[in-house]
Structure formats: C-alpha cells, structure tokens
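Me: Could you take a close look at one part of this protein for me, the larger of its sheets and what packs around it? I'd be glad of a connected account that I can follow with the model open beside me.

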Amino acid sequence: TGGEVTPAVICAKLTEAGLGDVQAVVGENLGTPQQKISKNAVRKISESAFAPLCVLLVESCEVPVRRVPGLPDEVFIRGKTPMTKQEVRAAALAKLAVKPTDILWDIGAGTGSVSIEMALAAPLGYVYAVECDAAACSLIKQDKFHAHNLALIEGKAPEELTGLPAPDAVFIGGSKGSLPEIIDAVLTANPSARLCVSAIALETLQTALSSFATHGMTAQITQIAISRSSSVGNLHLMKANNPVFLIVRE
C-alpha cells in the first residue's frame with residue numbers, strides 16, 4: 001500500500017462490500033527495528049492508522065457460487081413494492097446480454113431485484129438503480145447481497161439520468177409516464193445501448209413501440225405468461241401471474 005491507498009481505505013471498501021469480518025494482516029516497517037505486524041477483522045483495520053510503509057494481506061474467504069440469472073423471489077426483501085418476478089428477470093438479463101464489465105442502468109428499480117441480478121452478472125462493471133419511490137429506495141438500501149458495484153440514484157427519470165456514465169445496457173421497469181423522454185435520454189447517452197422495456201399495460205407497450213419507431217429502431221416483443229402451482233387440499237392448481245411484455249431493440 002502507499003500514498004492515499006492505505007490499509008484503512010482498502011478495508012473500508014471491503015467493509016462496505018459486506019466483508020467486514022474477513023481477517024487481514026498489516027505489516028508495518030518490515031525489516032526495520034520498528035517492524036510491527038497486526039492481525040484483525042477488516043472492519044477493525046478500517047478504523048486504525050498505520051505507518052506509511054506497510055503491506056496488507058487479506059485472507060481468502062468463501063464466496064457465493066455465481067449462478068445464472070433468476071434468483072428465487074423469496075431471497076429479496078419485498079415490502080409492498082412491486083417486483084419483477086424470477087422468470088421475467090432471467091429473460092430480461094438474457095435479452096440485455098449483460099457482460100462482466102458493463103455499465104448498466106435499471107430505471108424504475110422498485111425492490112432492486114433486477115439491479116442486484118445485473119450487479120452479480122457484471123462484477124467488473126457498475127449498476128445505477130434509479131428509483132423515485134421512498135419505500136422502494138429503502139428496500140434497495142437494505143440489499144443483503146452487499147453488491148459493491150451498485151449505486152442507488154434517488155429521484156425520477158429522466159432528470160436523474162443526467163451525468164451518469166454512459167450505459168452499455170438499460171432495463172426500464174417503470175417510467176411514471178415519462179417513457180419517451182427516458183428512451184430519448186438513454187439513446188442520447190449511448191445511441192447503441194442495448195435496451196429492454198418491461199410493460200404490463202397495453203398502453204405502455206404501444207408507447208414503447210412508438211418511441212422505438214421515432215428513433216428508427218425495430219422492436220422485438222416477447223410476451224411472458226407465467227403460471228405457478230398452488231396446493232389446494234390434495235390438488236395442485238396453476239395460478240397465473242400477469243402477462244409481461246419485454247420490448248427490446250433488434
């Protein structure tokens with residue numbers, strides 16, 4: 001370590017990422033009479049000061065196995081905020097073809113389920129979750145996945161999109177009636193951005209198609225209608241979720 005990149009700074013970042021209990025060792029002034037070796041939890045080291053000449057060793061720790069998109073709905077903190085369901089999330093990430101280094105926008109992030117899936121799919125990239133509802137923002141702040149590459153932008157799109165890094169791919173799950181303006185802002189930031197709009201209402205579908213056409217883009221529409229089993233006595237009946245349209249640029 002050196003300069004402004006001190007053990008405390010590095011360990012503070014690790015703590016923010018949910019790794020505060022990981023063990024680390026700091027060696028100060030190694031090979032001199034002032035040599036000192038300290039071992040402690042990362043969060044404790046983040047609160048300490050060390051000599052300018054030092055090295056940091058962070059022990060390897062068990063990390064969750066990465067998996068394909070589509071985490072179970074039950075693993076997310078829900079509240080009363082609408083959430084993009086598992087099957088739709090998996091399809092949306094597939095449509096967006098998320099890459100490990102992508103810069104991603106999730107507009108109308110809701111519970112943050114799509115944002116978290118994006119962050120896990122792009123560990124070397126960054127996700128900006130834009131949400132204006134206070135209750136939904138509170139849920140995203142409770143992210144139990146400790147996604148280090150996820151930032152919550154509290155406010156309404158398209159206003160809050162100004163100044164964000166240009167996206168490689170964008171998911172629009174909610175627009176508060178400003179879908180054409182949001183699509184304009186996305187394509188202004190990056191005319192070649194991969195774009196996926198989620199719609200339940202036919203009016204939203206039509207608005208998306210019109211906006212795509214305005215920009216000379218051809219849309220591909222996928223309708224996803226999911227039914228899940230539910231037990232009624234000794235029987236299993238299928239209960240349908242609302243059909244969802246995914247509109248992507250070809």
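Reply: Let's begin at a single pair: E131 has E154 in β6 as its bridge partner. That pair belongs to the link between β5 and β6, two parallel strands joined by 5 bridges. Please keep in mind throughout that this is a predicted model.

Now step back to the whole sheet. Its 7 strands follow the order β6-β5-β4-β7-β8-β12-β9, in an open arrangement with mixed pairing. Which strands stand at the edges? They are β6 and β9 (219-224), and since each has a single partner strand, one side of each is left without a neighbour in the sheet. From one strand to the next, the twist averages 15 degrees. As a reminder of what holds such an arrangement together, strands of a sheet pair through backbone hydrogen bonds, either parallel or antiparallel.

Helices come next. On the sheet packs α5, which touches β5 and β6 and whose direction makes about 165 degrees with that of β6. Helix α7, residues 202-214, also packs on the sheet, with contacts to β8 (194-199), β9 and β12. The direction of α7 makes about 5 degrees with that of β12.

Helix α7 has a helical partner as well: α6 (residues 179-189) packs with α7 at an angle of about 35 degrees, and their axes are 9 Å apart. The crossing of these two helices is right-handed. From α6, the residues that make the contact are L179, P180 and I183; from α7, they are T204, T207, A208, S211 and F212.

Between α5 (134-141) and β6 (150-154) runs a loop, and F145 is found there. Is F145 buried, partly exposed or exposed? Its relative accessible area is 28%, so F145 counts as partly exposed. Leaving aside residues up to four places away in sequence, F145 touches L71, V75, F76, I116 and L120. Measuring from the start of the chain, F145 and T1 are 144 residues apart in sequence, with 28 Å between their C-alpha atoms.

The nonpolar interior ties several of these elements together. The largest nonpolar core has 28 residues, and those touching the most other members are L96, L104, M118, L150, F171, C196 and L246. At least two residues of this core come from each of α3 (86-96), α4 (113-121), β5 (126-131), β7 (169-172) and β12 (244-249). Take L96 as an example: apart from residues up to four places away in sequence, L96 touches M118, A169, V170, F171, R194, L195 and C196. There is also a second, separate core of 26 residues, with W105, I107, I182 and I247 among them.

Since C196 appears in the larger core, its sulfur deserves a word. How many disulfides does the structure hold? The count is 0. C196 is in no disulfide, and the nearest cysteine sulfur, that of C132, is 19 Å away. C196 is also buried, because its relative accessible area is 0%. For C54, the closest cysteine sulfur is in C11 at 10 Å, which is too far for a bond. C54 counts as buried too, at 6% relative accessibility.

C54 also leads to the other sheet, where the edge strands are β2 (36-41) and β3 (54-58), each pairing on one side only. That sheet is open, with 3 strands in the order β2-β1-β3 and antiparallel pairing. Its neighbouring strands are turned by 15 degrees against each other on average, direction ignored. Strand β1 (residues 23-28) is joined to β2 by 6 bridges, and A24 stands opposite N40 in β2. Helix α1 (residues 7-16) packs on this sheet through contacts with β1 and β3, and its direction makes about 20 degrees with that of β3.

To place all this in the whole protein, there are 7 helices and 12 strands, and the C-alpha trace spans about 75 × 55 × 30 Å along its principal axes. Of the 250 residues, 40% are buried. Among contacts between residues at least 6 apart in sequence, 60% join residues at least 24 apart.

Notes. Residues are numbered from 1 along each chain as its sequence is written. This is a predicted model: local features need pLDDT of at least 70, side-chain atom pairs count only at pLDDT 80 or more; totals for chains, interfaces and linings use all residues. Side-chain values use heavy atoms; hydrogens and water are left out. A nonpolar core is a set of buried Ala, Val, Leu, Ile, Met, Phe, Trp, Tyr and Cys residues joined through side-chain atoms within 4.5 Å. Buried means under 20% relative accessible area, exposed over 50%, partly exposed in between (1.4 Å probe, protein chains only). Helices (H or I, at least four residues) and strands (E, at least two) are DSSP runs, numbered from the N terminus. Contact means heavy atoms within 4.5 Å. Two strands pair if DSSP finds at least two bridges between them. Axes are lines fitted to C-alpha atoms, for helices over the stretch in contact, and angles run from 0 to 180 degrees between N-to-C directions. A disulfide is a pair of cysteine sulfur atoms within 2.5 Å. A crossing is left-handed if the near helix is turned anticlockwise from the far one by less than a right angle, and right-handed if clockwise.
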